[in-house]
Amino acid sequence: MMKTLNKTALKFAKTIALSSLLALSSSVFSAPLPALVDDFCNATDNNLSIARQFMSDAIAGGNTKMEPHVSAGIMQVKGDIVPPRGQPGWASSILPLSAEGMPEDASQFDGIKLVIKIRSGNMTISANSTEIDNFDYHAAPLTVPTDGKFHEVKIPFESMKRAWSQPTPLNAATLNSLSIVAFSLQPASFDFEVDEVSFY
C-alpha cells in the first residue's frame, strides 16, 4: 500500500514538474520577432499572419476617407483628409505585431525600414508601444521624392519622437504595432504605395 502511494506521489510530482518546465520553456523560448513585418503578398494579413487595420479621424469627428488596396505585393492607400474642427486630420494603416495587442520585443533591431512610393500627402511612421496610453506614439516623418519611384527609407528608433507629450525614449521591447499615417491640418489628398515594411 505504501509503495503504491509513493509511486503515485512520485508520478504526480513528475507530471507537475514537467508541466512547469513546459510552461517556462514556452515563455522563455518563444519565437523572436522576425525582421520582416509585411511584404503585402497576402491581401488581408501581414507576414505575422495578423490582419492589417485601417483607421481614420472619422472616429474623432472628422470626415477623412481612405481607400486601401493590396495587390501583387503592393499596398496602395489613397484618400482625402477632411480634419475634425480644430484638430489635424489623419488616416492610419496599422500593421499589428501581436494578435492580442501584447508587447513584442523589437530591441534586437535598430529601427524600421520601408520601401515606399509617395505620390502626394504628408506621411509619418509610428512605433506603437504598450507603455504609451495617450496615443502620442513615437513617430518620424517619411520624406521621399515624389518621382513615381519606390525608395528605401530607414528610420532609427532613436530618431522617433512624441509630438506633444513629455519626451521619453522609445522602449522597443514593448511594441505591439507599426502605423503608416497620412496627416494634414487642412483638407488635402494623399496617395502612397508600400512594397515592404521590416525592422533592420
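Colleague: Happy to look at this with you! How many aromatic pairs does a search of the whole structure find?
Modeller: Glad to help; keep in mind that this is a predicted model. Searching the whole structure gives a count of aromatic pairs, and that count is 3.

Colleague: What kind of aromatic pair do F135 and Y137 form?
Modeller: Their ring centres are 6.3 Å apart, with 90° between the planes. Planes over 60 degrees apart count as edge-to-face. The pair of F135 and Y137 is therefore edge-to-face.

Colleague: And F135 itself, is that residue buried or exposed?
Modeller: The relative accessible area of F135 is 65%. The cut-off for exposed is over 50%, so F135 is exposed.

Colleague: How far apart in sequence are the parts that F157 and F199 tie together?
Modeller: The two rings form a tilted pair, with centres 6.2 Å apart and planes at 50°. F157 sits in the loop between β9 (151–156) and β10 (175–184), while F199 belongs to strand β11 (residues 188–199). The pair therefore ties together parts whose separation in sequence is 42 residues.

Colleague: Which residue do ring pairs link with F157 and F199 into a cluster?
Modeller: F157 and F199 are both buried. Ring pairs link these two into a cluster with F109.

Colleague: Let's turn to A127; is that residue buried or exposed?
Modeller: A127 is placed in strand β7 (residues 122–129), and its contacts include Y137, H138 and M160. Its relative accessibility is 0%. Under 20% counts as buried, so A127 is buried.

Note on methods. Residues are numbered from 1 along each chain as its sequence is written. This is a predicted model: local features need pLDDT of at least 70, side-chain atom pairs count only at pLDDT 80 or more; totals for chains, interfaces and linings use all residues. Side-chain values use heavy atoms; hydrogens and water are left out. Rings of Phe, Tyr and Trp (its six-membered ring) pair if their centres lie within 6.5 Å; planes under 30 degrees apart count as stacked, over 60 as edge-to-face and the rest as tilted. Buried means under 20% relative accessible area, exposed over 50%, partly exposed in between (1.4 Å probe, protein chains only). Helices (H or I, at least four residues) and strands (E, at least two) are DSSP runs, numbered from the N terminus. Contact means heavy atoms within 4.5 Å. Lists of a residue's contacts leave out its neighbours within four places in sequence.
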